[in-house]
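Here is a walk through one protein chain, written for someone seeing it for the first time. Keep the 3D view open and follow along.

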Amino acid sequence: EMQEKKIFVSLFLGLFLVLFGVLIQKICTAQEKKSTYVWGLCKVLKRVCSCDVQSVHYFSNMTFNCVAYLICPRLMINFVSDPNDYLWHGYFYALLMFVAALMQSICLQQYFQLCFKLGMSVRTALMAAIYKKVISNATRKESTIGETVNLMSADAQRFMDFTNFVHQLWSAPVQIVLSILFLWLELGPSVFAGVGVMLLLIPINAVLVAKARAIQVKNMNYKDERMKIMNEIFNGIKILKLFSWEPSFQKRVEKIRNQELKGLLRFSYLQSVSIFVFTCAPFLVSVVTFAVFVMVDEDNVLDAQKAFTSISLFNVLRFPLAMLPMVLSSLVQVSRPFFVCQERLEKLSVFFLPGCAVTDYVWLHAFSHYLTLGYILHFPCSVNLEIPCGSLLAVVGPVGSGKSSLVSAMLGEMENIKGHINIQGSVAYVPQQAWIQNATLKDNILFGSPLDEARYQKVIEACALLPDLQLLPGGDLTEIGERVLTFMKSLFQFLNICVLLSIGILLCWFLFQTRILVTHSLSFLAQVDDIVMLVDGKVSEKGPYSTLLSNGGEFAQLLNTYGSQQEGNPEDEATGNCHDILCNYGSITSSNMSLKKALQGKPKEKEPVAEIKGQKLIDKEAVETGKVKFIMYTRYLGAVGCNLTTWIFLAYVAQAAATIGSNLWLSEWTNDAVKYQNMTYTTAIRDTRVGVYGALGISQGLFLLAACMLSAHGAVRASRVLHKHLLSNILRVPMSFFDTTPTGRIINRFAKDIFTVDEAIPMSFRSWLNCFLGIISTLLIICLATPYFAIIMLPLGLLYYFVQQFYVSTSRQLRRLDSVTRSPIYSHFSETVSGLSVIRAYGHQERFLQHNEKIVDINQKSVYSWIVSNRWLAVRLEFVGNLVVFFAALLAVFARDPLNSGIVGLSISSALSVTQTLNWLVRMTSELETNIVAVERVHEYTEVPNEAPWVTLQRPQSSWPNNGEIRFVNYQVRYRPELQLVLDGINCYIKSSEKIGVVGRTGAGKSSLTNCLFRILEAAGGKILIDGLDIATIGLHDLRQKLTIIPQDPVLFSGSLRMNLDPFDQHSDKDVWYALELAHLKTFVSSLPEGLSYPVSEAGENLSVGQRQLLCLARALLRKSKILILDEATAAVDMETDHLIQQTIRSEFVDCTVITIAHRLHTIMDSNRVMVLQAGKIVEFDSPEELLQQHGVFAAMARDAGILGNQDTAL
């Protein structure tokens, strides 16, 4: 009758929960219609709690679980205790237990399959939403790249993990209530003593969760900050190498990493305490309940039926008590990303008007913006501007006047304070800094447009690209990496113009409709229709060239002061060809002739051709196959520490021994009911039983606490060691590695793989060791009860081993595929972030969104396959576990006469627990092996060959170089072994304090020359001597710290302005201010409230490109090197700033050797000598005067630039 009541109660509660789910579904459906504010939450609740197949499977699982784990063990114990019971009853009970356990397994695994599919869908939706948020207009002001990478990697994975167990939020309390109800039926009011213990544990749980939340939120901020810096390091790695700043940024990252690991250690300690409390909770409840039960009434004797039914209930109680804090912890971890991921897209203030009949001009009306790129507030700028349709408008002004901001505002990239912009038709955009995708050159030109071969060839011809394509190994099929090689950078600005042609919007004067040209060059302003002069964010003047010149305003002053440096006769230049704007140097007429010949001789591409050597730049990421090498485990354990690993293992063994001891002691205790059936059960015996049982339970918890504490300390130590080795090595690899490896692939190591090392591997190790020792303990107990079970163990073990091996190899490779297919997601994301303005200007957001969805779907294929393989494993392993239960019960029926009820109860209750434990052991074996792949991937990047040592035993004198003499001796260099030489047989001698200009068309080898001086590229032949010392014989930092470069791309890092100038704090504030004064930035920096502590945003986006270039000049002034290299350093500044920079260089570096890579010929016309490079060889090398008289290559360049031999070129 009692069993029937229990079954009825279980089924009734299951039906009640189904109806409860239906009620929640109806409430959520109604709420959706009422309020859009809670629409998202209601949708999730509806999905999770709806009365669908998922809920039915879960409730059915609970019902079969009740039958298999609560009712059948009691029936079996009654059967063994009663020798007069029919034998077929025992067989029936064993079969019933097997069938109920089997049905419970099937329902549970079907439920998990649906949960994991839901989690996968949530992860996919989040990643798509995050990417969509990134490509929206307001994102860059809200989140850094590092934060967003973390959202897409770790936080999205946390969401997926949380949805897998979200039902535990309500089912865990229900299971606790059910267990207490059944315990009441077994032990009566004594159960309230155990309930009291559980109530005392609730505030402990609340404190642990609150502290864990605080630590986790702080740790997430540390992760975001670390990933932001790592992203900046990889984007600006060349600057770090040129200035020898790697140690400074390594210390900066390690400082944040140490804070992160301290938080992780505190979180792990709290987790250890939580595991201790909730492992001891069922035991403490059972000890207190049993003690009260036997003490309140002398007639209450603890027999096997009550004890082991109660033990089974306590085991059922153990799962929700263990899962509830874990689910609450997961809820804490996802609560912050949930609100961050909410999409808050701003409404744009730029209106695109379709058709041409609406209006014939573009207007900016009462347009006021605050420059809020980054997070620093600049001056407000108010602009009223009309641009007639078909006109050519030039925007000029000094550095920081708002030229780039005006263009950004028209593209919708700025935050609108008031006013509006109306634009008729489509927009094309050529940014100041070229943005190139990781694809072939042809794909970059087409930019998603269908290929029209005839038109494509015309675009190539119009942009004068054919001579440049001949330098590339694969022509227009050459793959371009994220970090384009320096000799190709000018070429890539042409590619941006090619995009305009290929999509048919704008190009030359006769093809463009309305053209807005933001420029610092003055030589062709006479050709434009209107000129807008910006000063301090406002339109100072507007009108035609002649009008502004006659007005005598700021524009006329600028032109009179600096115009002669760029042009001979502006009016004559007005009739020049538009290619003067686009091409660097060279005769346009001769170029056009050669282009046409090349075009005629170039066969049309009809069939795919074989890949040419050097054409492929980015190789696919290598995927390891086969079993993970055992050395990876030893490498991780070595990082933990050998001594610490030994103590952790001994602590877990001691905990398992205490568990076996407590179970055996309880078995003996229950036999007292038979032994002292007609005798007095003394208080001393009772107290001994209770005391020893309690002591064994407490020792079990203490050993577990010690093991968890030690493993937490060891895991943090391993994380520190592995991350340090990875970071140290990645900063020492040559530049060619970054040129050929996508940033996302490297970021993946520092994001997902380090996250796995930090959190997943320690948990996998702990779980695996617990499961392994638990199974050994269970099998020992079953064999002790029924020795014949050892015979059954052999075939079951073979079946178990076969399933495990088949699954582990599959799961391992699927996880590897998951890691490899995850990298393109991050690479595409980084690429998108760097080109957001271009993507939005061309309106290609949808195409990039679709591509992101495509690569996420590719990743999801491996994720889904892994989920299905887990369910395949679980069904088969739980079947093996159910066979263990069945044979343990069957053997107990066969040998019931010599057995006592206590040992049978212990055997069956242990066998019931082995089902889940077997499943978890294989799962944890696979999880551990797949997670250890992260160690394998981290180790892969710690083994990448390094560049030359930073410091060697042969160190130059501290005063070297004294003179700054440079000699190239038959010098040769190539970018990669399979490519041709970019410099071939360079022989030259540069005297001390000599000023050298280097010129040549795109790809001639100008920037490669500077890379060789810094040993960014190592020699393929010959050598470079500085003051007679071969630079190949000294350390890289000893060399690079003695040279100074003002680079072509002004790269800044997030942090203070002072950190960007002096990251090692080697100079006083006085020196820094003096350098800023010489760089003409002192006034600007002084006007900032923070001064030198002014926070620079990511990539320096809260400063104009010109201001960034001036900061690079200030860096050079601080270093005071004997040799200075200017790599087209004034390309992004106006003429006035250019003049100031040249003046500063000539006064402050008068005793230095200066090598200038020329962008504007006037900057090198007063050089001592000019080096003309062509195809990697020196074709001319003499003074500018001599070269102009020779009528060679340099003279042709000077004529094209409007510089005459008799012109005064002194600055």
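## A facing pair and its sheet

Let's start with Leu-1173, which stands opposite Ile-1178 in β20. Keep in mind that the model is predicted. The strand next to β20 here is β19, residues 1169-1174, and 5 bridges join the two, which run antiparallel.

Zoom out and you'll find that 6 strands make up an open sheet, in the order β14-β17-β18-β11-β19-β20, with mixed pairing. At the edges sit β14 (1043-1046) and β20 (1177-1182), each pairing on one side only. From one strand to the next, the twist averages 20°.

## Helices lying across it

Which strands does helix α40 lie across? Helix α40, residues 1193-1200, lies across β11, β19 and β20, and runs at about 100° to β19.

Helix α32 takes in a longer list. Spanning residues 1006-1013, α32 lies across β11 (995-999), β14, β17 (1123-1127), β18 (1153-1157) and β19, and runs at about 150° to β17. Strands β9, β10 and β12 also have α32 lying across them, and here α32 runs at about 110° to β9. Those three strands take us to another sheet.

## A sheet of four strands

This open sheet has 4 strands in the order β10-β9-β12-β13, and the pairing is antiparallel. Its edges are β10 (983-990) and β13 (1029-1030); each has a single partner strand, so one side of each has no neighbour in the sheet.

For a look inside, try β9 (residues 966-973) and β12 (residues 1021-1026): they run antiparallel and are joined by 5 bridges. Here Val-969 stands opposite Lys-1023 in β12.

## Rings that pair up

How many aromatic pairs are there? The count comes to 24. One of them is made by Tyr-111 and Phe-112: their ring centres are 5.3 Å apart and their planes stand at 45°, so this pair counts as tilted. Both Tyr-111 and Phe-112 are buried.

Now compare Tyr-636 and Phe-765. Their ring centres are 5.6 Å apart with the planes at 10°, so the pair is stacked. Tyr-636 belongs to helix α22 (residues 630-640) and Phe-765 to helix α27 (residues 743-785), so the pair ties together parts that are 129 residues apart in sequence. Tyr-636 counts as buried, at 2% relative accessibility, while Phe-765, at 21%, counts as partly exposed.

There's a cluster to find as well: Phe-234, Phe-737, Phe-738, Phe-750 and Tyr-941 form one aromatic cluster.

## Charges over rings

Rings have charged company too. Look for Arg-732, whose charged end sits over the ring of Trp-950, 3.8 Å from the ring's centre. Then find Lys-442, which lies over the face of Tyr-456 at 5.3 Å from the ring centre.

## Two helices side by side

Back to α27, the helix that holds Phe-765. The axes of α27 and helix α28 (residues 789-834) come within 13 Å and cross at roughly 170°. The two helices are therefore roughly antiparallel to each other.

Which residues make the contact between α27 and α28? On the α27 side they include Gly-744, Arg-745, Leu-779 and Cys-783. From α28, the residues in the contact include Phe-789, Met-793, Arg-822 and Tyr-826.

## Two residues worth a click

Is Asn-870 buried or exposed? Asn-870 is buried, with a relative accessible area of 2%. You'll find Asn-870 in helix α30 (residues 845-894). Leaving aside neighbours within four places in sequence, Asn-870 is in contact with Tyr-807 and Arg-923.

Trp-88, found in helix α4 (residues 87-134), is exposed, with a relative accessible area of 53%. Trp-88 and Val-893 are 805 residues apart along the chain, yet their C-alpha atoms are separated by 9.2 Å.

## The whole chain

Finally, step back for the overall tally. The chain's secondary structure comes to 40 helices and 20 strands. Of its 1211 residues, 57% are buried. Among contacts between residues at least 6 apart in sequence, 82% join residues at least 24 apart.

Conventions
Residues are numbered from 1 along each chain as its sequence is written. This is a predicted model: local features need pLDDT of at least 70, side-chain atom pairs count only at pLDDT 80 or more; totals for chains, interfaces and linings use all residues. Side-chain values use heavy atoms; hydrogens and water are left out. Two strands pair if DSSP finds at least two bridges between them. Axes are lines fitted to C-alpha atoms, for helices over the stretch in contact, and angles run from 0 to 180 degrees between N-to-C directions. Contact means heavy atoms within 4.5 Å. Rings of Phe, Tyr and Trp (its six-membered ring) pair if their centres lie within 6.5 Å; planes under 30 degrees apart count as stacked, over 60 as edge-to-face and the rest as tilted. Buried means under 20% relative accessible area, exposed over 50%, partly exposed in between (1.4 Å probe, protein chains only). A charge sits over a ring if NZ of Lys or CZ of Arg is within 6 Å of the ring centre and within 35 degrees of the ring normal. Angles under 35 degrees count as roughly parallel, over 145 as roughly antiparallel, 65 to 115 as roughly perpendicular and the rest as oblique.
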